[in-house]
Amino acid sequence: MRDIRRSLLAGLGALGLALTAVFTAGPAGAAPENRDFGQILTMPAAPPASALPAGAAAEPPTAWPKPNKILHVAARESITCESGNLCTATYDPTRGDYVVYYFYYCDTYTLSNWVGTGSYRNSQTGGVTAHFYGKDGGTVTSVGPGGSSNSYNWSPIWSLKNC
């Protein structure tokens, strides 16, 4: 009889511990809460038509390889550049708004038809510096984590490396 009581008490104790663990623990494998969801990137005013080079309206700006995410935003609007991304915005004269590129995957991206003023925000993690290159392949500027510009001239930039 004594052994049955001990077994019963031990079983109830184990059940109590298991229930406590279930109701107090979070989901299995849950990552720690991250309050850094990104940083704000603001578009400049739309450039006057006279500021665009002749023929600029014929082709939209592009980046190759294709960035992780692309969206269009009106002039003077703001978006969130999600953590882990280098976000860039350049004016798209074919649509009359800004096209925003989210560069997430580490690569060197070739830029076409990026002319005039735009903006950028480096929301990458781990201390990653982005590099912007000119026509000859030389570095025009480097942008550390948190670096940004709401009025950047993309005309001399021919490629970028986000990592």
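In the predicted model, Phe132 is located in strand 9. Its relative accessibility is 0%, and Phe132 is therefore counted as buried, the limit for that class being under 20%. Outside the four nearest places in sequence on either side, Phe132 makes contact with Leu86, Tyr120, Gly138, Thr139, Val140, Thr141, Val143, Tyr152, Trp154, Ile157, Ser159 and Leu160. The C-alpha atoms of Phe132 and Ser142 are 6.2 Å apart, with the two residues ten apart in sequence.

Strand 9 covers residues 130-133 and pairs with strand 10, residues 139-143, in the antiparallel sense. Four bridges make up this pairing. Within it, His131 of the chain is placed opposite Ser142 in strand 10. The two strands form a hairpin, and five residues lie between them. Gly137, in the turn of this hairpin, has a positive phi of about 90°.

Strand 9 also pairs with strand 12, which spans residues 159-161. This second pairing is antiparallel as well and has three bridges. Tyr133 has Ser159 in strand 12 as its bridge partner.

Ser159, which lies in strand 12, has a relative accessible area of 14% and is buried, because this value falls under the 20% limit. When residues up to four places away in sequence are not counted, Ser159 touches Tyr109, Thr110, Leu111, His131, Phe132 and Tyr133. Phe132 thus appears among the contacts of Ser159, and Ser159 among those of Phe132.

Phe132 also belongs to the largest nonpolar core, which has 16 residues. Those with the most contacts inside this core are Phe103, Leu111, Trp114, Phe132, Trp154 and Leu160. Strand 6, strand 7 and strand 9 are the elements that give two or more residues to the core. Strand 6 supplies the largest share, three residues. Another core lies apart from this one and has eleven residues, including Ile79, Tyr91, Tyr98 and Tyr102. Two of the residues with the most contacts inside the largest core, Trp154 and Leu160, are also in contact with Phe132.

An open sheet is formed by five strands in the order 3-6-5-8-11, with antiparallel pairing. Its edges are strand 3 (69-73) and strand 11 (148-153). Each of these has a single partner strand, so one side of each is left without a neighbour in the sheet. On average, neighbouring strands of the sheet are turned by 20° against each other, direction ignored. At one edge, strand 3 is joined to strand 6 (residues 97-103) by five bridges, and the two strands run antiparallel. In this pairing His72 stands opposite Val99 in strand 6.

Two disulfides are present in the structure. A disulfide is a covalent bond between the sulfur atoms of two cysteines. With the bonded cysteines numbered in sequence order, the pairing is 1-2, 3-4.

One of the disulfides joins Cys81 and Cys87, with a distance of 2.1 Å between the sulfur atoms. This link is right-handed, with 90° about the S-S bond. Cys81 has a relative accessible area of 0% and is buried. Cys87 is likewise buried, at 0%.

The other disulfide is formed by Cys106 and Cys163, whose sulfur atoms are 1.7 Å apart. The link of Cys106 and Cys163 is right-handed, with 65° about the S-S bond. This pair connects distant parts of the chain, the two cysteines being 57 residues apart. Cys106 is in the loop between strand 6 and strand 7 (108-112), while Cys163 is in the segment after strand 12. Cys106 has a relative accessible area of 54% and is exposed, because this value is over the 50% limit. Cys163, at 27% relative accessibility, counts as partly exposed, because the value lies between the limits for buried and exposed.

Notes:
Residues numbered from 1 in each chain as written. Predicted model: local features only at pLDDT ≥ 70, side-chain atom pairs only at ≥ 80, totals over all residues. Heavy atoms only, no water. Pairing = 2+ DSSP bridges. Buried < 20%, exposed > 50% of the residue type's maximum accessible area, 1.4 Å probe, protein only. Contact = heavy atoms within 4.5 Å. Axes fitted to C-alpha atoms, helices over the stretch in contact; angles between N-to-C directions. Disulfide = S-S within 2.5 Å. Core = buried A, V, L, I, M, F, W, Y, C linked by side-chain atoms within 4.5 Å.
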